[in-house]
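Let's take a walk through this structure together, starting with one chain and ending where the chains meet. Keep the 3D view open as you read.

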Amino acid sequence: MADVAARGAVRGSGALTSDGRSSLHKLMQRKSTIAFLMALPLITLIAVLVAYPAGYAVYLAMLNKGMNRFVGLGNFGFLFGRDTFWMVVYQSCLFAITAVIFKAIIGFVVAHFVHNIPSKGQRKWRGMLLVPWVIPPAMSTLAWLWLFDPSYSAFNWILEHIGMDRVAWLGETGWARFSVILVNVWIGSPFFMIMYLAALKSVPEQLYEAASIDGATWWQRIWYVTLPMMRNIIAITALFSLIVTFANFDIVRVLTKGDPLNTTHVFATWAFRVGIESGDIPLGAAVSLFMVPILAVAATFILRDITKRGSEV
Amino acid sequence: MADAAIAPTTTAAAPARRPQYGSMSKNRRWALRWSYFFLVIFAVFFLMPPFYMFITSLKSSAEISAATNPWWVNSPTLSNYIELLTQNQYLTFFRNSAIVSVFVVIITMAISVIAAFALARMKFWGSATLATGVFLTYLIPDTLLFIPLFKMFAWVNDTFGIQLMNHWWTLMILYPTLTVPFATWIMIGYFASIPKELDEAALIDGATWMQTLTKIFIPVALPGIIAATIFTFTVAWAQFLYPLAFTTSTSELVLPVGIVTTLIKGDVFNWGQIMTGALLGAAPPLIIYAFLMDYYIAGLTAGATKG
C-alpha cells in the first residue's frame with residue numbers, strides 16, 4: 001500500500017511542476033496520495049497499538065511463564081485441565097447472555113412507555129433514564145457495592161423492614177452472580193432504550209392505523225408490526241452489546257473481584273488476575289484470547305448487516 | 001399488573017371500529033396513565049444508585065456507622081466534600097484525569113476527522129478495506145489488548161530505556177486505541193451523508209482538499225464532531241482497565257482507579273468519602289450530558305447504525 005502511494009506522490013509532484021497533459025489524471029494521482037497521507041496517523045495507530053498487540057497476544061499465549069521458552073499450545077492445555085477455567089467460561093457466557101437478554105427486554109419495554117407519552121415530555125424522561133449509561137461504570141458500580149454492603153446494605157434494610165430475611169448479595173455464589181448481572185443490566189439497558197426508541201419513531205404510523213382497523217390486538221400490533229420493522233436494529237444492538245458485555249471488566253472487578261471463590265470471574269477479570277496480578281503474562285494472554293471466537297462471530301454478523309445496508313443505499 | 005395494562009387496550013380494539021370516539025380517548029388516557037406509572041418505576045430503578053450516592057455523601061462517618069435509615073440523612077454535612085477537595089491526593093487524581101481526557105480528545109479528533117475525510121471522500125487504494133478495518137478495531141475490546149500492550153511497554157523500556165509504565169501520560173498513548181476507531185467510524189458516517197455537490201463545487205472553485213475539509217466538511221458535520229468529541233471525552237474519563245494495569249503510584253492515578261484503590265483501604269471503608277469521590281468523579285460527564293444531551297444521543301445511535 002505504501003509503495004503505491006509513494007509512487008503516486010513522486011509522479012504527482014512531477015506532474016505539478018511540468019504542465020501535464022491530462023489534468024484530471026494528475027488530480028487523481030495527487031488526490032490518492034494526499035488521502036493516504038491524511039489517513040497515515042490512523043493507519044500507524046491501528047497497526048502499532050491495535051493490530052500488532054492483537055497478533056502479539058497469540059504469540060505471547062504460546063510462551064512459558066518466564067517468557068523464554070516456546071510451549072506451543074501448552075498454556076491452553078493447562079487451562080483446559082483446570083476447573084476454575086471452566087467455571088470462568090460458564091460464568092462469562094451466563095453473564096453476557098443473561099445480561100443482554102434482560103437489557104434488550106427492559107430497553108424494549110421502557111422505549112415503548114416513553115414512546116407512548118406525549119412527545120413534549122419525552123425528552124425529559126429520556127434524559128433521566130439515560131443517566132446510568134453516562135456515569136462512568138467504575139463509579140456507579142461503587143454505589144452498587146455500597147448498596148450491597150454486607151453489614152450496611154440499604155437493600156437489606158428495606159427487606160428487614162418488610163419482614164424478609166437479609167440477603168448476602170455478594171457473599172453467596174448465586175446472589176453474587178445475580179448482583180453482577182443486575183448492575184450490568186442497570187448500566188446497559190438505557191442504551192437499548194435509546195436505540196429502540198429511535199427505531200420506534202421510524203415505524204410509519206399508518207401501519208398501526210391499518211393494523212387497528214383490521215382489529216389487531218395490542219399484542220398483535222407489537223408482534224406483526226413493531227418487531228418486524230425493528231428486527232434489524234434489535235439484532236445489531238444486541239450483537240454490539242454482546243461484544244461489550246462479554247468483554248466487560250469494570251463491574252466484576254469493582255463489585256466482587258471474582259469472589260466468592262472465583263465464581264463470578266469473567267474472562268477479562270480472570271485474565272487480569274492471572275496476567276497482571278499473578279505475573280503470568282502468557283497464561284493471562286491465553287485466557288483473554290478465549291474472548292475472540294464470540295467477538296468474531298458477532299463482528300461477522302454486524303459487518304454483514306452493514307454491508308447489506310450499504311448496498312441498499 | 002401486566003394483565004391490567006393489556007386489558008384497556010384490548011377492549012378498545014373492538015369499539016374502535018364503531019364511531020365511538022369517547023371510549024377511544026378513554027382508552028388512550030388509560031394507556032397514558034399506565035405508561036407514566038411504569039416510567040416512574042423504571043426511573044426509580046435507574047436513578048436510585050446515583051441518588052443513594054448523593055445521600056451517603058452528605059452523611060458523617062458517625063451517622064453511617066450508627067446504621068440509621070440508610071435512605072435518609074438526619075444531620076446533613078458537607079464535611080466529605082470539604083475533606084476531599086482540600087486533600088492533595090484527590091485533586092491530583094482529578095487533575096490527571098482532566099489533562100489525560102482533554103489531550104486524548106485533541107489527539108483523537110485530530111487523527112480521526114482528517115482520516116475520516118480521506119476515507120469518506122478521497123478514496124485511495126485500499127481505503128474501503130481500511131474503513132472496514134477501522135470498524136473491526138472498534139470492536140476489539142481493551143480487555144484483549146491490555147496484556148500484550150503491557151508486555152510491549154516493558155520491551156520499550158528494555159530496548160530504548162523509556163519507562164512508559166506508571167506514568168499518567170502513558171494513558172494518552174493508550175486511550176486513543178479505544179477512541180480513535182470509534183470517532184473515525186462516526187465521522188465517516190457523517191461525512192458520507194454530506195452531498196457530493198458541495199465539495200465538487202468547492203474543488204471547481206479551486207479549493208484544496210485541506211480547504212474543502214476545514215471550510216466545508218467541518219462546519220457542515222459539526223453536530224457529528226461534537227458528538228464524537230463528547231464520546232471520546234466520556235470514554236477517556238471513564239476508562240478503568242488501562243490505568244489499573246499501567247499505573248500504580250498514587251501520584252500517577254486517574255480518578256476511577258484512584259478512588260477504588262486509595263479510598264478503599266483494606267477492610268476499612270470510608271463510605272461517605274468514597275461516595276463523594278465517585279459522585280464528583282461522575283460530575284464532568286453528567287454536566288456535559290445535561291447540556292449537550294441531543295448531541296450525545298445522536299452520537300450514541302450513530303455509532304451503531306451509521307454505515
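A good place to begin is the contacts within chain B: of those with a separation of 6 or more, 74% are between residues 24 or more positions apart. Please bear in mind throughout that this is a predicted model. The secondary structure of chain B consists of 16 helices and two strands, and 44% of its 307 residues are buried.

Now turn to chain A, which has 15 helices and zero strands. Of its 313 residues, 42% are buried. When contacts in chain A between residues at least 6 apart in sequence are considered, 64% of them join residues at least 24 apart.

One element of chain A to pick out is helix 14, which spans residues 281-289 and is mostly covered, with nine of its nine residues buried. Among the buried residues of this helix are A:Ile281, A:Pro282, A:Leu283 and A:Gly284, and the list runs on to include A:Val287, A:Ser288 and A:Leu289.

Next, look for A:Tyr196, which sits in helix 9 (residues 173-201) of chain A. Is this residue buried or exposed? A:Tyr196 counts as buried because it has 24 C-beta neighbours inside 10 Å, where the cut-off for a buried residue is 20 or more. Setting aside residues up to four places away in sequence, A:Tyr196 touches A:Gly107, A:Phe108 and A:Ala111, as well as A:Met230 and A:Ile233. For a sense of scale, try finding A:Phe36 too: it is 160 residues from A:Tyr196 along the chain, and the C-alpha atoms of the two are separated by 38 Å.

A:Tyr196 also leads us to the largest nonpolar core, which has 177 residues. The residues with the most contacts inside this core are A:Leu142, A:Tyr196, B:Phe117 and B:Ala278. Helix 5 (residues 88-122) of chain B gives the most to the core, contributing 16 residues.

Two of those names, A:Leu142 and B:Ala278, turn up again where helix 7 of chain A meets helix 15 of chain B. The axes of helix 7 (residues 137-147) of chain A and helix 15 (residues 271-291) of chain B come within 9 Å and cross at roughly 155 degrees. That angle is over 145 degrees, so the two helices are roughly antiparallel. Helix 7 of chain A passes helix 15 of chain B in a left-handed crossing. On the chain A side, the contact is made by A:Met139, A:Leu142, A:Ala143 and A:Trp146; on the chain B side, the residues include B:Trp271, B:Ile274, B:Met275 and B:Ala278. By class, this contact has nine nonpolar residues, one polar residue and no charged ones.

Helix 15 of chain B has a partner within its own chain as well. Its axis and that of helix 14 (residues 255-263) of chain B come within 10 Å and cross at roughly 175 degrees, so this pair is roughly antiparallel. Helix 14 of chain B brings B:Leu255, B:Pro256, B:Ile259 and B:Leu263 to the contact, and helix 15 of chain B supplies B:Gln273, B:Ile274, B:Gly277, B:Ala278 and B:Gly281. Six of the residues here are nonpolar, three are polar and none is charged.

Finally, step back to the whole contact between the chains, which takes 83 residues from chain A and 84 residues from chain B. On the side of chain A that touches chain B, helix 2 (residues 23-60) of chain A provides the largest share, with 19 residues. The residues on this side of chain A divide into 68 nonpolar, 12 polar and three charged.

Notes
Residues numbered from 1 in each chain as written. Chains lettered and ligands numbered in written order. Predicted model: local features only at pLDDT ≥ 70, side-chain atom pairs only at ≥ 80, totals over all residues. Axes fitted to C-alpha atoms, helices over the stretch in contact; angles between N-to-C directions. Helix = DSSP H or I, 4+ residues; strand = E, 2+ residues; numbered from the N terminus. Parallel < 35°, antiparallel > 145°, perpendicular 65-115°, else oblique. Left-handed = near helix turned anticlockwise from the far one by under 90°. Contact = placed C-beta atoms within 7 Å. Nonpolar A, V, L, I, M, F, W, Y, C, P; charged D, E, K, R; others polar. Buried ≥ 20, exposed ≤ 12 C-beta atoms within 10 Å, placed from the backbone. Core = buried A, V, L, I, M, F, W, Y, C linked by C-beta atoms within 7 Å.
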